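The following exercises concern the architecture of a single protein chain. Each task is followed by a solution worked out in steps.

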Amino acid sequence: MGRLIVIVALLGCYPALLVSALWPAPVLFGLVAVASYAAECAAPRVARPLPDLLGKVHLGITLRFAARETMALLLVARSSGPDSPWFVALAGGVLAIHAVRAAHTGLAMRLRQTLSQMPVTTRNLDVSALRIPKMPPRSLRDARSVPFLYLDALPVLGAVAGVVPATLGAGLALVAGLAGALALIPYVRRATPLTDAARVMEVVGEQVERYRPEVILYFSGATAAAYQARMWLPTLERLDRRAIVVLRERGMAAHLESTGLPMVCIPSSADLMSFRALSSAKLCLYVANVGRNVHMLRIPSLRSAFLNHGDSDKEASFNPFSRVYDEVWVAGPAGRDRYRRAKVGVRDENIHEVGRPQLEGISTEGPGLPYRTVLYAPTWEGWNDDLFHTSLTTMGPRIVRALLDHRPPLRVIYKPHPLTGHRDKRATRAHKKIVTMIENVELAKSKARHPSRAVAGESPRIRHLIVTGPEPHLYDCFDECDLLISDISSVVADFLASEKPYAVTNVAGLPERAFHERYPSTEAGVLLGEDLSGLAEFLDGEDTLARARIKLRSYLLGPEYPDALARFNAAVERVLSGT
């Protein structure tokens with residue numbers, strides 16, 4: 001309802017402003033103008049994508065504000081007459097407000113361009129010698145200068161009281177806008193030295209050389225894929241050797257969790273390959289197969305090792321592209337066997353089992369609540385149909401509905417893959433349907449459970465959880481659940497660290513034996529058919545696969561002793577020592 005009100009107000013206020021200006025009806029004009037400003041403020045949050053659509057048909061925000069100002073001038077002309085010197089001053093003042101806004105936009109664009117064209121940006125490195133200025137307040141650094149548009153409220157609403165108040169309002173708005181534009185000038189001046197690319201590279205290079213990194217974690221990709229690098233940061237922090245993170249996309253560091261590791265972002269391939277400060281490193285770790293990897297792979301002094309961002313039965317875990325790396329690091333024997341079976345050109349002697357250090361500390365006990373918790377963590381739809389393993393589009397809403405309707409009641413944690421809907425909009429629709437389903441259940445419970453009705457001995461309220469951001473982490477969700485339902489993905493292999501029961505969806509409809517042979521990580525789990533066969537057994541049947549899960553854990557993740565971090569450290573030492 002709120003969205004509809006905003007849309008009606010945004011589209012309907014302007015005809016009403018025109019009528020009230022020509023009538024003229026100053027009080028009505030003022031009320032409609034206030035409503036139009038409120039609709040403009042709310043539309044980007046409540047009524048998206050309407051503002052963007054209006055912009056595409058040449059009814060953008062600047063034109064809408066200019067139309068409102070024109071109607072205010074019409075109101076003054078109809079009320080006080082156009083011959084007054086005050087009216088001329090008002091018209092000039094309104095135009096001057098836009099001129100000041102244009103000046104501010106130019107300054108804000110100059111500042112953004114200066115900072116965005118730095119050849120390298122850093123995190124956790126001392127680059128104080130560059131004297132990078134602090135960013136101005138958001139209202140000043142907005143290159144669209146939208147806050148400046150709202151200054152016209154002073155003359156527009158002043159027009160309700162007459163030409164003199166409107167003109168004085170235009171003067172005040174002009175002074176405020178000019179002050180904002182002038183306030184941006186010192187920031188632009190302080191940022192100007194950053195256009196000296198050679199100087200920036202020199203200062204950053206000196207700090208990296210002083211740190212003397214030995215191991216590089218390299219990452220390139222979309223911000224939605226930041227989780228691929230994020231999962232390895234805690235492991236690198238615990239290495240016995242000095243590690244640094246090399247990024248390629250500007251702003252990517254903001255999507256990585258807080259870490260003390262030094263980070264450098266070098267967008268240009270030429271700058272990266274000529275960045276001598278990384279010469280102390282002997283090992284580069286890659287977590288995804290992306291085109292930009294080739295820029296680092298061309299550096300001959302670095303030994304490359306492919307970590308991947310998950311160890312699963314997906315085709316991505318035995319991609320033929322993996323043979324371009326000097327080594328491929330997998331979690332356990334299962335990873336080695338995948339490459340053997342796939343015969344994609346990765347030599348067996350180049351495969352090393354290093355475990356999954358991230359899984360240390362995952363509890364093998366449930367959360368200990370008076371009810372059971374089920375984690376539903378479907379994968380995404382993959383880059384093509386051959387990689388389509390998600391249950392979200394065909395089974396997801398029905399799985400969640402069955403969990404919500406189960407008796408005795410269950411708690412549901414729904415955590416979709418970060419890339420859900422990236423390729424197939426059906427996945428987005430299914431995801432929204434699940435979210436709505438869970439939210440409606442929570443809303444119904446809230447209405448039914450009034451504080452005054454609470455009685456002693458009443459059963460505890462079950463709070464379902466939807467996790468669409470980085471927190472809580474997937475592994476935290478492991479600790480909060482008793483059971484897992486997932487698809488073919490690294491979630492299944494990682495969950496085995498908990499030794500808890502799990503079920504895997506058979507999206508392809510393969511026979512059970514063929515399914516387990518093709519996807520070994522499912523051998524100790526319950527198989528869910530597209531008609532949800534197996535779900536009742538999984539939720540209510542006896543757990544007969546506990547021993548199988550322990551055995552499969554060693555196959556997928558490697559031995560329990562020495563622990564994964566020790567094995568990972570040993571692999572790093574082997575490369576750095578040249579043995």
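**Exercise 1: Strand β2 and its partners**

In β5, tyrosine 286 is the bridge partner of tyrosine 218. The structure is a predicted model.

Task. Determine which strands pair with β2, and in which sense.

Solution.
Step 1. The bridge between tyrosine 218 and tyrosine 286 belongs to the pairing of β2 with strand β5 (residues 283–286), which is parallel and comprises four bridges.
Step 2. Strand β3 (residues 243–247) also pairs with β2 in the parallel sense, over five bridges. Within β3, leucine 247 is the bridge partner of phenylalanine 219.

**Exercise 2: Cover on β2**

Task. Establish whether the residues of β2 are buried or exposed, and how they are distributed over its faces.

Solution.
Step 1. The criterion for a buried residue is under 20% relative accessible area.
Step 2. By this criterion, five of the five residues of β2 (residues 215–219) are buried, and the strand is mostly covered.
Step 3. In a regular strand, side chains alternate between the two faces of the sheet. In β2, one side carries Val215, Leu217 and Phe219, the other Ile216 and Tyr218; all of these are buried, and both faces are thus covered.

**Exercise 3: The six-stranded sheet**

Task. State the order of the strands in the open sheet of six and identify which strands stand at its edges.

Solution.
Step 1. The order is β11-β10-β9-β12-β13-β14, with parallel pairing.
Step 2. β11 (465–466) and β14 (526–528) are the edge strands; each has a single partner strand, so one side of each lacks a neighbour in the sheet.
Step 3. For β14, the pairing with strand β13 (residues 502–505) is parallel and consists of three bridges. Alanine 503 stands opposite valine 526 of β14.
Step 4. Helix α16 (residues 396–405) packs on this sheet and touches β9 (373–377), β10 (411–414), β12 (483–486) and β13; the directions of α16 and β9 make an angle of about 175°.
Step 5. Helix α17 (residues 425–448) lies across β9, β10 and β11, at about 150° to β10.

**Exercise 4: The chain as a whole**

Task. Characterise the chain by its secondary structure, burial and contacts.

Solution.
Step 1. The chain contains 23 helices and 14 strands.
Step 2. Of its 579 residues, 50% count as buried.
Step 3. Among contacts with a separation of 6 or more, 72% are between residues 24 or more positions apart.
Step 4. The accessible surface is about 27300 Å², and carbon and sulfur atoms account for 58% of this surface.

How values were computed. Residues numbered from 1 in each chain as written. Predicted model: local features only at pLDDT ≥ 70, side-chain atom pairs only at ≥ 80, totals over all residues. Heavy atoms only, no water. Helix = DSSP H or I, 4+ residues; strand = E, 2+ residues; numbered from the N terminus. Buried < 20%, exposed > 50% of the residue type's maximum accessible area, 1.4 Å probe, protein only. Contact = heavy atoms within 4.5 Å. Areas by Shrake-Rupley, 256 points an atom, 1.4 Å probe, with all protein chains shown as cover. Pairing = 2+ DSSP bridges. Axes fitted to C-alpha atoms, helices over the stretch in contact; angles between N-to-C directions.
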